[in-house]
Structure formats: structure tokens, C-alpha cells
Amino acid sequence: MKLAIIGTGYVGLPTGVGFAELGNDVVCVDKIANKIERLNSGELTLFEDGLEDLFRKNVQSGKIRFTLDMQSAVRGADVVMLAVGTPPHPITKEADLQYIYAAAKELAQYLDGYTVVATKSTVPVGTGDEIEKIIREVNHDADFDVVSIPEFLREGFAIHDFFNPDRIVIGTNSERAKEVMLKLYAPFVDKFPLLIVKRRSSETIKYASNAFLAMKIHYINEMADFCEKSGADVLEVAKGMGMDTRIGKKFLNPGPGYGGSCFPKDTNAMAQMGRKYGSPLSLIETTIAKNDERKAKMGQRVIETIKSHPEGKIAVLGLAFKGGTDDCRESPAIDIIKEMVKYSHNVCVFDPKAMENARLILGDSVKYATSIEDACGNADVMVILTEWEDFKHIDLIKIKQKMNRAKIVDLRNMLDADTAVKAGFEYRGVGTNRQ
Ligand code: UDX
């Protein structure tokens, strides 16, 4: 099939590469000339585990190409996928739909023959109706349907999740569109659950799922606080809870709060929708407020460790919003570092992948290290903020010799507390009471 994908970000690019690998002819459109040039020459513009090989292979075989020209991509396409950003509006926190509406307006002129316009971007309930209206206004004769195919890819696992989805959701009332989408998803049909629902249900499923997961994280974070006070160990509690299949063991890792380009944005947008429809979503509202508070609280937790020697060096390990990605958008690490630098001029940071992106936000408010050892040299406290596998394997005995004081604040529970204590560290995890 012929696919046009509008937007080459964390959703559009892996999705385009995935569909090209399945044998479709894919053209990705973006507005940034330099990005298109780099992509066409075989250079990836973002880091995603497993993406590079598939990307190169499909660029070389011509199954995927990149263009600035919407017309050439849309003409003759069976499916046009919208994968542009829907960032939060700075004041209302609603999803900002200007880019998706602009893309719909632009692509509308070029629709020829029956085309399915499929929204992959996360959009509020009713956006499909609006896109339909926009296209109709621009091109009265267009033969098209708008469907919702929400994207559930996790960053860092986008390729894995593309080929192994928990479910595929298709939101449409049109039989014709359903047929086209079933053809596109044919390689998945017998292997993975596929759900066909009303377009508005499909739009809601994405928000409801992300908000639920965010709530689950908030729940375990609050439970971690409780465990610290009550003498229980949240890791044991989470394990025991997770054995109940109705609860499930995933998303029960306590930490510094959730972040990323999805959960903060989607919880806010969902809460906003609840207000708009006069149906308040109190659990989601609380989750948002408490997650914000948590980052400040965790910043204070670090500052306390160097209160007695304010010139002390804070070594921060981890900047990305989670392990496996270079993305720092809404990263709790960044917010927590901002708390630290209000108090300390001696914060030195390291991340295996996210240094460049972090530098764009933190500028010269911190120092940048070249390795874990470099960051920890002469440090008074080591702070772990992102769940990178590398951090699990730090040689604590060796690193202690390089540090000024043997203190660890592990906000991701990455290290084994007993090993850290045995190595002579004053160790503080999250909800674990093993100082
Ligand atoms: C999320 C959804 O999982 C995905 O389905 C959707 O398509 C996009 O949004 P992503 O933003 O890539 O994916 O990250 P995810 O792995 O869900 O983690 C989000 C945040 O929650 C991260 O900051 C992570 O560190 C945090 N988290 C996750 C926890 O603090 N504890 C957990 O147990 C799980």
C-alpha cells in the first residue's frame, strides 16, 4: 500500500520505518528542510533502540523516502497518517491542535481517489470530526474518511512495540475505511488483538490509558512515601501487589515522578476535557498536582544531603525522562536539577544519550561530564535520576574511591541497597528504608 506520513518525530519516524519494513511504500513529510536532507541521506534524527538498521535498510531499498513536498506524498496515497505534535497549550494545557489542523488543511487539496486520513497524533475527543470538516471545506469533492488509530508506542521501545503491539485500536464508523485499515494491518491481524470502535471511543482510549498509567505511578509513589514512614519496603509491597493479575506488576516502579512527552501532556489534556464536558476527573486532577509536587520534594531530598557542606559537588546520573531514550521533554530529572541549582553551583551531570538535549535546556547552569566516573569524581553525593541499565552495574567500591563523600540518592532504586551499604555508602532509595 502507499502511505504518506505527516511528521517525522518519535511517532512518525518509527511508524514509517515499521510500515516500510512490512512492504509498504512510505513517504514521510516534514517542514524542516535540514531534517529531510539528513533523513534522505541515511542519517537518523533521533535515537530509538533498533531503529537504525531498519531505517538504513529501507532508505537504501527505496521503501521509505522523505520530502518537504506534501503534494507528492499525498497524491495516490491509500492512507495519509497524521503524526504531528499536539503539544500542550502553555496556558490552558489543552492539546494544541494548530499543527494537525494546518496539516489537514494542506493535505486536503491533494487528495485524489479514495483516501483514508488516519490520525496517529494524540488528539482530544471530537478532533476527527473537526479534521473531516476542514478537509471538506478545502476540497468539496474529496473522497475520504477520517479514522483514529491511536499510537501506544513507548519511546525507547518504539520498534519493539510497533511489531508487538498489546492491541491495535481503529476508530471508524465507515465500512470502507475499515477495509483499508484491515488491509494495512493484515500482518498483525491474527497475532495481536485488534479492536474496532467508534472514532470518539478510540480518541478517548488513548487518553484514558495514559492517564490510568500515570495514576498507577502516582499511586506507587505515594505508597513509597508511606513505606518510608511506616517501615515497610515499597519494592516488596509492589511485588506482592503485582502478583495479583488484576493489578499487574508493570508501572509499579516508584521514582521521581513521571515525565516525557506523553503522560504530563495527556493527563492535563484529559483533565481539561473532563472540565470542558462538565464531568470532572478528580483522580487525574490529583495525579497531576501530586506529580508536580513530587519533583520539588525529590529536589529537596538531594539538597538535604549537602546542606552541611553547600559547596559540595552533586553528581547527577541520568537526564532523559526515562532510560533508553535521549528525550528530555518534561523529564523529572531536569526539574529536579533545576531545584538543585537554586541551591548549589556545583552540579555535574551525565547521561549516556541525552547530553545534547539536556544542554539545550540547562545551558551553563550545570557542568557536563563525559562518563559516570567523570561525573562522580570528587562528588559529595551521587544522584540517580533516570533508569539506565548502565547505572545498575556501577562498580561501587571503585567509584567510592573517586568520591569526596560516600552518599547516594537513588531516585530510581537502580542499585542494590545492601550492596551499596556494604560498599560503605550512605544510601537512600525511594520507599525502601535501607539507609
Ligand atoms: C507512554 C505510554 O507508555 C505509551 O503507551 C504512549 O504511546 C506514550 O506515552 P512513554 O512516554 O514513552 O510512553 O514512557 P513510559 O515508558 O510510559 O514512561 C513514562 C514515565 O513514567 C517515565 O518518566 C518513566 O520513568 C515513568 N515511570 C514508568 C515510572 O516512574 N514508574 C513506572 O513504573 C513506569
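Which salt bridge do the side chains of arginine 412 and glutamate 387 form, and what is the N to O distance? The two side chains meet at 3.3 Å, N to O. This is a predicted model, so every distance here is computed from predicted coordinates.

The pair joins distant parts of the chain, 25 residues apart. Arginine 412 sits in the loop between strand E13 (407-410) and helix H19 (417-422). Glutamate 387 sits in the loop between strand E12 (381-384) and helix H17 (389-392). The two partners differ in cover. Arginine 412 counts as buried because its relative accessibility is 15%, under the 20% cut-off. Glutamate 387 has a relative accessible area of 31%, so this residue is partly exposed.

Both residues also reach the ligand. A polar side-chain atom of arginine 412 lies 2.8 Å from a ligand oxygen atom. For glutamate 387, a polar side-chain atom lies 2.9 Å from an oxygen atom of the ligand. Glycine 259 makes its approach through the backbone: a polar backbone atom is 3.0 Å from an oxygen atom of the ligand. On its own, the ligand has 670 Å² of accessible area, and the protein covers 93% of that.

Now look at the whole shell. It holds 19 residues around the ligand. The closest are Phe152, Leu153, Glu155, Asn253 and Arg412. By class, nine residues of the shell are nonpolar, three are polar and seven are charged. Helix H10 (residues 199-230) gives the most to this shell, with three residues. Where does the ligand lie relative to the domains? Domain 1 (2-197) and domain 2 (263-428) both give residues to the shell, so the ligand lies between them.

Stay in the loop between E13 and H19 for one more residue. Asparagine 413 is placed there. Its phi is near 50°, a positive value in a residue other than glycine. Asparagine 413 is buried because its relative accessible area is 15%, under the 20% cut-off. Phenylalanine 251 also has a positive phi, near 60°, and is likewise a residue other than glycine. Phenylalanine 251 is found in the loop between helix H11 (234-242) and helix H12 (263-276). At 32% relative accessibility, phenylalanine 251 counts as partly exposed.

Next, the other charged pairs. How many salt bridges does a search of the whole structure find? The search finds 30. One of them ties helix H10 into the story again. The side chains of lysine 297 and aspartate 225 meet at 2.9 Å, N to O. This pair also links distant parts of the chain, 72 residues apart: lysine 297 belongs to helix H13 (residues 282-306), and aspartate 225 to helix H10. Here too the cover differs between partners. Lysine 297, at 44% relative accessibility, counts as partly exposed. Aspartate 225, at 18%, counts as buried.

Lysine 35 and aspartate 30 form another salt bridge. Their closest N and O atoms are 3.6 Å apart. Are these two residues buried or exposed? Both lysine 35 and aspartate 30 are buried. Salt bridges can also join into networks in this model, as Asp129, Glu132, Arg199 and Arg200 show.

Finally, turn to the start of the chain. Helix H1 (residues 12-21) is mostly covered. Nine of its ten residues are buried. Among them are Leu13, Pro14, Val17 and Phe19. The buried set also includes Gly12, Gly16 and Gly18. After H1 comes glycine 23, with a positive phi near 105°.

Ahead of the helix, tyrosine 10 lies in the loop between strand E1 (2-6) and H1. Tyrosine 10 has a relative accessible area of 18%, so this residue is buried. Which separation along the chain goes with the C-alpha atoms of tyrosine 10 and glutamate 48? The two residues are 38 residues apart along the chain, and their C-alpha atoms are separated by 8.3 Å.

To return to the opening pair: arginine 412 and glutamate 387 meet each other in a salt bridge. Arginine 412 also places a polar side-chain atom 2.8 Å from a ligand oxygen atom, and glutamate 387 places one at 2.9 Å.

Conventions
Residues numbered from 1 in each chain as written. Predicted model: local features only at pLDDT ≥ 70, side-chain atom pairs only at ≥ 80, totals over all residues. Heavy atoms only, no water. Near = heavy atom within 4 Å. Polar contact = N/O pair within 3.5 Å; in protein donor to acceptor, adjacent residues only side chain to side chain. Areas by Shrake-Rupley, 256 points an atom, 1.4 Å probe, with all protein chains shown as cover. Helix = DSSP H or I, 4+ residues; strand = E, 2+ residues; numbered from the N terminus. Nonpolar A, V, L, I, M, F, W, Y, C, P; charged D, E, K, R; others polar. Domains from an automatic or database assignment. Salt bridge = Lys/Arg side-chain N within 4 Å of Asp/Glu carboxyl O. Buried < 20%, exposed > 50% of the residue type's maximum accessible area, 1.4 Å probe, protein only.
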